[in-house]
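Visitor: I am new to this structure and would like to be led through it step by step. Could you show it to me before I begin asking?

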Amino acid sequence: MLVHFFLMLTHFSFPTACAYSVLMETGRSQPAPIDPRIARFPCCIVWTPLPLISWLIPFIGHIGICREDGVILDFAGPNFVSVDNFAFGAVARYIQVNSDECYKLLEPEGASTWDDALRKGVQEFQHRSYSLFTCNCHSFVANNLNRLFYSGHDKWNVVSLAAVMFLRGRWVSTASVVKTFLPFALVLTIGTLLGGVTFLIGLLAFAAVMTGWFLVGTYCIKNLVEL
């Protein structure tokens, strides 16, 4: 399973001119340009830091997926998928998905579109309970990537998605980098000054418990972390 996880990291690619030419040849329109000023990220996965949690573990955040017109969809609470109102603030990082690697969209006799797949995901998660630990925003996005059969498989999960975003996501601006890491730097500095080694051990333990939960729930205990 871990081997498959690392393969997903290496195969997650950004759009290229070739990708767009394939889209046009197959009759699908070219995505509209990304415009962070009006929060439009066509065919993108988007991410923003979470209050408190991201201040302690900066690679954990809130994530969503965008329609072809750039409108953000995110699983923001029990039975609720937010539309064009990204929870927890403006987008800080994004990955624009290669539509020519969404194999469900390339089936010769298939009539499905990117938005069709997302619509089904929204309908499903509008009837899901929300839990940070078992069914969260990452579950929603991974579910949609699996529905699209992105990169030729349906094995996306919350761990692989979080890792890909943290390692390969593009920053919207320098301000987004500051927004993400400045609170963590302040907490780390103040905590170390006041608590010393005890604080650092506590912080590492918290990060280990959070990371371990999702690793175990994803790869060891089936269906503990839902998709």
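Visitor: How far apart do the end C-alpha atoms of residues 199–221 lie, and what percentage of the span is helix?
Guide: Please keep in mind that this is a predicted model. According to the UniProt annotation, from an unreviewed entry, a "transmembrane region" covers residues 199–221, along with residues 38–57 and 171–193. In residues 199–221 there is 0% strand, the end C-alpha atoms lie 31 Å apart, and the share of helix is 91%.

Visitor: What percentage of residues 38–57 is helix, and what percentage is strand?
Guide: This span is also covered by the "transmembrane region" annotation in the unreviewed UniProt entry. Its end C-alpha atoms lie 28 Å apart in the model, and its make-up is 20% helix and 30% strand.

Visitor: Which strands stand at the edges of the open sheet?
Guide: The open sheet has six strands, and reading across it with antiparallel pairing gives the order β4-β3-β2-β1-β5-β6. Each edge strand has a single partner, so one of its sides is left without a neighbour in the sheet, and the strands in that position are β4 and β6.

Visitor: Which residue in the turn between β3 and β4 has a positive phi?
Guide: Strand β3, residues 72–77, runs antiparallel to strand β4, residues 80–83, and four bridges join them. One of the bridge partnerships links Gly-77 with Phe-80 in β4. The two strands form a hairpin with two residues between them, and the turn residue with a positive phi, of about 55°, is Asn-79.

Visitor: What is the bridge partner of Trp-47 in β2?
Guide: Strand β1, which spans residues 44–49, is joined by five bridges to the antiparallel strand β2, which spans residues 61–66. Within β2, the partner of Trp-47 is Ile-63.

Visitor: Which strands does helix α6 touch?
Guide: Helix α4, residues 114–125, lies across β1, β2, β3 and β4, and runs at about 130° to β2. Helix α6, residues 158–168, also packs on the sheet, where its direction makes about 105° with that of β5, and the strands it touches are β1, β2, β5 and β6.

Visitor: How many nonpolar, polar and charged residues make up the contact of α6 with α7?
Guide: The axes of α6 and α7, the latter being residues 174–219, come within 10 Å and cross at roughly 140°, and the two helices are therefore oblique to each other. Val-158, Val-159, Ser-160 and Phe-166 in α6 meet Phe-181, Phe-214, Leu-215, Thr-218 and Tyr-219 in α7. These residues divide into seven nonpolar, two polar and no charged.

Definitions and conventions. Residues numbered from 1 in each chain as written. Predicted model: local features only at pLDDT ≥ 70, side-chain atom pairs only at ≥ 80, totals over all residues. Heavy atoms only, no water. UniProt positions renumbered as here; feature names shortened; annotations may be inferred. Pairing = 2+ DSSP bridges. Contact = heavy atoms within 4.5 Å. Axes fitted to C-alpha atoms, helices over the stretch in contact; angles between N-to-C directions. Parallel < 35°, antiparallel > 145°, perpendicular 65-115°, else oblique. Nonpolar A, V, L, I, M, F, W, Y, C, P; charged D, E, K, R; others polar.
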